[in-house]
Amino acid sequence: MSLLLTDLLNLNISDYTEKIIAEYIWIGGSGIDIRSKARTLPAPVSDPSKLPKWNYDGSSTGQAPGKDSEVILYPQAIFRDPFRRGNNILVICDTYTPDGEPLPTNKRANATKIFSHPDVVAEEPWFGLEQEYTLLQKDVKWPIGWPLGGYPGPQGPYYCGAGADKAFGRDIVDSHYKACLYAGIDISGINGEVMPGQWEFQVGPTVGISAGDQLWAARYILERITEIAGVVLSFDPKPIEGDWNGAGAHTNYSTKSMRSDGGYEVIKKAIEKLGLRHKEHIAAYGDGNERRLTGRHETADIHRFIWGVANRGASIRVGRDTEKDEKGYFEDRRPASNMDPYVVTSMIAETTVLWKP
């Protein structure tokens, strides 16, 4: 890229004008594709309710027919824009028909209902989301760092590894980490994963609907950074068949009762309820998850529900600290890397707090 182009890209418009650029972000028809477009606003905005609604052509995203293609964007959450900087913003939106009905692909609307239920609000549900992903070479869709058409050495040295033969894509990962902190996302860490070319970042703890907003914003920023780097981002739950780990989105969860004295009993009751609704949860936890949840590679078999303390081959894992302190949180290890965080977080809250078996 020429120096002049770089200079122009780095222009801080906030030094010269009150106007700002707002990048409106939404989820497309597949449920995992992230779309966005930008508009100029007359002055800085920090409250999403002060932002104008907008529209787009839903027939081009698989969300509306051509003869009635208009979909309306409702701004819901604002983050600082790490690409344009200054006062410019990223805006997480959800999608509605012109009559104000949420689209079928708008999973945020139902999640908001669950999270605003008084019983759920009183429990202050905290989430910590672990997003695993794989970086692929652009034209061959094969993990970065892998020999073309071949395989690297077996798993073992790559998890949290360092060195040119073990860690592939750290510049992308670190750029993403800093960009998320700049944006105002509660990103809490990153690490190299078991399969080479695979990484993880964590978002949380965050409360209620904010967990979904922040994870989608973090995914968007990662898509943009991989775009710049010329690398393809994959959320496939099992990108490479065979003796390689899949990619999940382990979901850590607690309520006020679980974090208080006697919380371990509340946790055990919640896990029991999750077991009773295992099939419904699995159906909502991401496409292609059956390729990942095989009972091998740190997973429980998709058809069995088991929980245990410090057991990474379980559906639900309780940490040693939680057992020892008799209060804390647990981890649902079933969600796939391509899950919708609005669906997963609200479903866990609904099953454990609202559902009466």
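Biologist: Let's fix the classes before we talk linings: Ala, Val, Leu, Ile, Met, Phe, Trp, Tyr, Cys and Pro count as nonpolar, Asp, Glu, Lys and Arg as charged, and the others, Gly among them, as polar. With that, how do the residues lining the largest cavity divide?

Modeller: Bear in mind that this is a predicted model. The lining of the largest cavity consists of Trp26, Ile27, Cys93, Asp94, Thr95, Thr105, Asn106, Lys107, Arg108 and Tyr342. Trp, Ile, Cys and Tyr go to the nonpolar class, and Asp, Lys and Arg to the charged one. The tally is 4 nonpolar, 3 polar and 3 charged.

Biologist: And which element gives the most to that lining?

Modeller: The lining includes Trp26 and Ile27, as well as Cys93, Asp94 and Thr95. Two elements give two or more residues to it, strand E1 (20-27) and strand E5 (89-96). With 3 residues, the one that gives the most is E5.

Biologist: How much space lies in the largest cavity?

Modeller: Counting cavities of 30 Å³ or more, the model has 3. The space in the largest one is about 60 Å³.

Biologist: Arg108 turned up in that lining. Which elements do the buried residues of its helix, H2, pack against?

Modeller: Helix H2 covers residues 108-115, and Arg108, Ala109, Ala111, Ile114 and Phe115 are buried there. Their packing partners are strand E4 (70-80), E5, helix H3 (118-123), E6, H5 and helix H10 (341-354).

Biologist: On to the pockets. Which elements give two or more residues to the lining of the largest one?

Modeller: That pocket holds about 580 Å³ of space. It has 19 lining residues, and the closest to its centre are Asn10, Pro82, Phe83, Arg85 and Ile228. The elements you're after are helix H1 (3-9), helix H4 (170-183) and helix H5 (210-229).

Biologist: What about the second largest pocket: how does its lining split by class?

Modeller: The space there is about 340 Å³. Closest to the centre, out of 20 lining residues, are Glu132, Glu193, His250, Glu298 and Arg312. Strands E6 (126-137) and E8 (198-207) each give two or more residues to this lining. By class it comes to 2 nonpolar, 8 polar and 10 charged.

Biologist: His250 is in that list. It also has a side-chain polar contact with Glu331, so is Glu331 buried or exposed, given the cut-off of under 20% for buried and over 50% for exposed?

Modeller: Glu331 is placed in strand E13 (residues 330-332). Its side chain makes a polar contact of 3.4 Å with that of His250 and one of 3.0 Å with that of Arg333. Beyond four places away in sequence, Glu331 touches Glu130, His250, Thr251, Asn252, Ser315, Ile316 and Arg317. Because its relative accessible area is 2%, Glu331 counts as buried.

Biologist: Thr251 touches Met339 too. How far apart in space are Met339 and Gly31, C-alpha to C-alpha?

Modeller: Met339 is in the loop between E13 and H10, and it is buried because its relative accessible area is 0%. Leaving out residues up to four places away in sequence, Met339 touches Leu129, Leu215, Arg219, Ala249, Thr251, Tyr285, Gly286 and Val344. In sequence, Met339 and Gly31 are 308 residues apart, while in space their C-alpha separation is 8.8 Å.

Definitions and conventions: Residues numbered from 1 in each chain as written. Predicted model: local features only at pLDDT ≥ 70, side-chain atom pairs only at ≥ 80, totals over all residues. Heavy atoms only, no water. 1 Å grid on protein atoms, 1.4 Å probe; cavity = no way out; pocket = protein on both sides within 12 Å on 5 of 7 lines; lining within 4 Å. Points joined across faces, edges and corners; volume = space filled by probe spheres on them. Helix = DSSP H or I, 4+ residues; strand = E, 2+ residues; numbered from the N terminus. Buried < 20%, exposed > 50% of the residue type's maximum accessible area, 1.4 Å probe, protein only. Polar contact = N/O pair within 3.5 Å; in protein donor to acceptor, adjacent residues only side chain to side chain. Contact = heavy atoms within 4.5 Å.
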